[in-house]
Number of protein chains: 2
Amino acid sequence: MVSPVRISIDAMGGDFGPSVVIPGCALARERYPDSEFLFFGDESMIRPVLDAHPALAAVSTIEHTDVAVRMDDKPSQALRHGRRRSSMWLSLEAIKAGRADVAVSAGNTGALMAMSKLCLRMMAGIERPALAAIWPTLRGESIVLDVGATIGSDAEQLVGFSVMGEAMARALFGVHRPKVGLLNIGVEEVKGLEYIRAAGQILREGNIPIDYAGFIEGDDIGKGTVDVVVCEGFTGNIALKTAEGTAKQIAEYLRQGMRRSLLSRIGFLFAKAAFDTLKEKMDPRKSNGGVFLGLNGMVIKSHGGTDAEGYSAAVALGYHLSRNGLMKKIEDGLGHYDRDRAVVAAEQAEVVDS
Amino acid sequence: MVSPVRISIDAMGGDFGPSVVIPGCALARERYPDSEFLFFGDESMIRPVLDAHPALAAVSTIEHTDVAVRMDDKPSQALRHGRRRSSMWLSLEAIKAGRADVAVSAGNTGALMAMSKLCLRMMAGIERPALAAIWPTLRGESIVLDVGATIGSDAEQLVGFSVMGEAMARALFGVHRPKVGLLNIGVEEVKGLEYIRAAGQILREGNIPIDYAGFIEGDDIGKGTVDVVVCEGFTGNIALKTAEGTAKQIAEYLRQGMRRSLLSRIGFLFAKAAFDTLKEKMDPRKSNGGVFLGLNGMVIKSHGGTDAEGYSAAVALGYHLSRNGLMKKIEDGLGHYDRDRAVVAAEQAEVVDS
């Protein structure tokens with residue numbers, strides 16, 4: 001029998017705390033019976049909600065703490081009053097101590113980022129973490145990273161993101177050789193920013209076993225041209241938010257159009273199934289959950305304002321990544337990359353010597 | 001009587017050359033009878049199409065040249081074989097010589113950019129040009145710049161873009177005080193890239209008469225939170241292409257959904273008016289035409305693959321900007337900015353002296 005996936009939950013995170021977090025976990029537990037939960041937060045708030053979900057309660061433990069990171073805390077404030085004692089910190093420490101396989105929080109992104117780095121530390125060979133998002137596309141789903149964990153990047157960091165994103169695609173989509181593309185303006189090798197071109201060269205010419213597909217442009221993301229879209233955090237965040245804005249804009253146009261006349265209202269009723277499909281495909285709750293990559297531990301960030309259904313998607317994401325050995329896959333990928341760097345360094349040394 | 005708007009046309013530009021360009025101009029001429037056209041290109045190709053549009057022919061002149069910039073020419077190649085003699089170059093030179101008020105080309109962007117800079121030169125006080133796009137929003141339309149004329153920027157350049165974009169919004173939308181926002185990740189003053197924060201400070205504290213609305217995020221573009229969205233060219237290009245990709249993706253979902261069952265097909269017929277409204281709102285032809293800002297002359301870049309309707313939109317854009325005195329408005333705006341810079345420099349000098 002396989003051992004259960006142990007999920008560590010910051011029960012106080014998000015706009016609604018336990019009232020959304022617990023029902024979300026209950027949904028996830030229904031779908032993945034081989035999961036167990038460790039809740040951190042105010043027991044007086046957690047207990048009554050948990051009691052309403054006996055199947056979940058049967059596989060859950062609560063560890064009480066009074067301290068919670070607020071949604072508007074700056075990272076420095078969160079660290080000052082929440083280090084070692086907040087529900088967020090304790091949920092991370094549970095992975096570090098080997099008591100859980102993955103942590104989930106809907107708490108504030110900056111604070112979660114800062115605490116994760118401090119508590120879990122970066123993996124060897126990775127300088128900066130990345131936040132990886134799941135992006136619905138015409139071909140299914142892609143992974144886009146970094147969508148805003150850090151700002152600014154260099155070629156080596158983009159290559160690191162590529163290795164980690166590729167490992168995540170293998171763990172999540174079950175694809176054997178996911179295609180990886182670098183987000184740029186123009187697809188020709190000579191185009192775009194210097195550090196992106198340099199990253200392209202390493203991915204093309206290095207001995208890293210990645211299916212590198214070259215540069216892609218903004219409109220390739222929605223097409224699903226590649227499985228993994230790699231970019232620097234500022235760019236990724238702008239792309240993600242812009243796409244969200246465009247989707248909302250079109251939904252609003254449709255809503256207005258459908259209300260305009262009796263005829264279009266009737267049409268809407270007939271075509272309701274089609275609209276429901278669209279709604280489901282674009283449902284932000286379904287792709288809820290970003291993954292902090294590059295840490296010694298798996299941390300899932302849920303949207304703060306999501307509902308139980310959305311929260312369960314973030315938990316499911318953590319479940320799948322853990323079940324499919326994301327951490328091991330990343331370590332293997334980085335191992336190849338390190339060997340590649342060592343080979344390059346040795347070759348350069350030889351050139352210097354001769 | 002007001003004098004006509006004289007439009008200089010690179011007739012060989014774009015994927016289809018005169019066969020799309022001339023009918024596009026004919027459409028624009030119908031809508032704006034006070035326009036005149038100067039066509040540059042292969043007369044043997046232009047003449048037959050022009051003869052089919054007698055009303056346009058009556059206000060048009062053809063100037064023959066054998067040389068055309070190819071769609072896949074690198075900027076350096078285009079300059080080598082097209083300088084002083086290609087239809088693209090000659091259409092620009094016509095503005096420089098005061099023979100036309102605005103130039104329109106559907107030719108390749110990099111070449112048009114390089115030729116425009118060389119032929120027209122940058123305006124005093126502007127280091128880099130910007131490509132400004134019209135972006136349909138829930139509140140109407142906004143201007144987004146730079147969407148890829150150059151890569152990389154500093155604070156002063158973003159302020160220059162703000163001044164030029166604001167002038168364009170006044171000329172195009174007839175708004176007295178357009179709202180200007182800087183595209184960033186997070187809206188707090190402390191967030192985002194250093195040069196964007198510095199530009200925000202100049203716009204907030206300087207004496208530039210611009211209605212500066214602060215930072216905006218990617219999803220604000222589609223909402224129409226501001227009239228003018230200012231960003232560096234790499235970011236702007238990624239945002240534009242990503243939004244285009246998302247719009248196509250949703251259109252495809254809808255198409256698939258509508259074909260799925262007889263019921264949804266019937267629904268589609270009933271609600272056709274609503275879909276037509278959506279289609280019109282998102283029609284890329286309607287917002288065709290980017291403007292190169294910062295040059296001593298107005299240059300409109302049309303999409304290379306557009307049809308006559310789309311081309312006419314680019315011509316209409318040039319017509320309106322010329323009729324509403326864009327160049328004068330930009331010069332006035334930059335004048336204020338220069339005076340602001342002079343005041344700051346003087347204040348700094350005083351501090352040093354005392």
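In the predicted model, Leu131(A) stands opposite Phe292(A), a residue of strand 10 of chain A. The two strands involved, strand 5 and strand 10 (residues 290-293) of chain A, pair in the antiparallel sense. Three bridges hold this pairing. Strand 5 of chain A also pairs with strand 6 (residues 140-145) of chain A. Here the strands again run antiparallel, and six bridges join them. Within this pairing, Ile134(A) stands opposite Ile143(A) of strand 6. The connection between strand 5 and strand 6 of chain A is a hairpin of two residues. Strand 5 of chain A (residues 130-137) is largely enclosed by the rest of the structure, because seven of its eight residues are buried.

Strand 6 of chain A leads to a cis peptide bond. This bond joins Leu145(A) and Asp146(A), with omega at about -5°. Asp146(A) lies in the loop between strand 6 and helix 7 (155-173) of chain A. In chain B, the peptide bond from Leu145(B) to Asp146(B) is cis, with omega near 0°. Asp146(B) is placed in the loop between strand 6 (140-145) and helix 7 (155-173) of chain B.

A positive phi is found at Arg84 in each chain. Arg84(A) is not a glycine, yet its phi is about 65°. This residue sits in the loop between helix 4 (75-82) and helix 5 (87-96) of chain A. Its relative accessibility is 52%, so Arg84(A) counts as exposed; the cut-off for exposed is over 50%. Arg84(B) has a phi near 65° and occupies the loop between helix 4 and helix 5 of chain B. With a relative accessible area of 51%, Arg84(B) is exposed.

Helix 5 of chain B (residues 87-96) follows that loop. Eight of its ten residues are buried, so this helix is largely enclosed by the rest of the structure. The buried residues are Ser87(B), Met88(B), Trp89(B), Leu90(B), Ser91(B), Leu92(B), Ala94(B) and Ile95(B). Their cover includes both strands and helices of chain B. Among the strands are strand 1 (5-10), strand 2 (35-41), strand 4 (102-105) and strand 11 (298-301). Helix 4 (75-82) and helix 6 (109-120) also contribute. Just after helix 5 of chain B, Gly98(B) takes a positive phi of about 75°.

The contact between the chains takes 50 residues from chain B and 50 residues from chain A. About 4,700 Å² is buried between them, and carbon and sulfur atoms give 76% of this area. Ile185(B), Phe234(B) and Tyr253(B) supply 15% of the area that chain B buries against chain A. No other three residues supply more.

Two salt bridges are counted between chain B and chain A. One salt bridge brings together the side chains of Lys241(A) and Glu217(B), at 2.6 Å from N to O. Eight residue pairs are in polar contact across the interface, with both residues at pLDDT 80 or more. On the side of chain B that touches chain A, the elements giving two or more residues are strand 5 (130-137), helix 9 (218-223), helix 10 (233-259), helix 11 (262-270) and helix 12 (272-281) of chain B. Helix 10 of chain B gives the most, with 19 residues. By class, this side of chain B has 28 nonpolar, 16 polar and six charged residues.

Terms used:
Residues are numbered from 1 along each chain as its sequence is written. Chains are lettered from A and ligands numbered from 1 in the order in which they are written. This is a predicted model: local features need pLDDT of at least 70, side-chain atom pairs count only at pLDDT 80 or more; totals for chains, interfaces and linings use all residues. Side-chain values use heavy atoms; hydrogens and water are left out. Contact means heavy atoms within 4.5 Å. Buried area is the accessible area (1.4 Å probe) that two parts lose on being put together, summed over both. A salt bridge is a side-chain nitrogen of Lys or Arg within 4 Å of a carboxyl oxygen of Asp or Glu. A polar contact is a pair of N or O atoms within 3.5 Å; within protein, one must be able to donate a hydrogen and the other to accept it, and residues adjacent in sequence count only if both atoms are side-chain atoms. Helices (H or I, at least four residues) and strands (E, at least two) are DSSP runs, numbered from the N terminus. Ala, Val, Leu, Ile, Met, Phe, Trp, Tyr, Cys and Pro count as nonpolar, Asp, Glu, Lys and Arg as charged, and the others, Gly among them, as polar. Buried means under 20% relative accessible area, exposed over 50%, partly exposed in between (1.4 Å probe, protein chains only). Two strands pair if DSSP finds at least two bridges between them.
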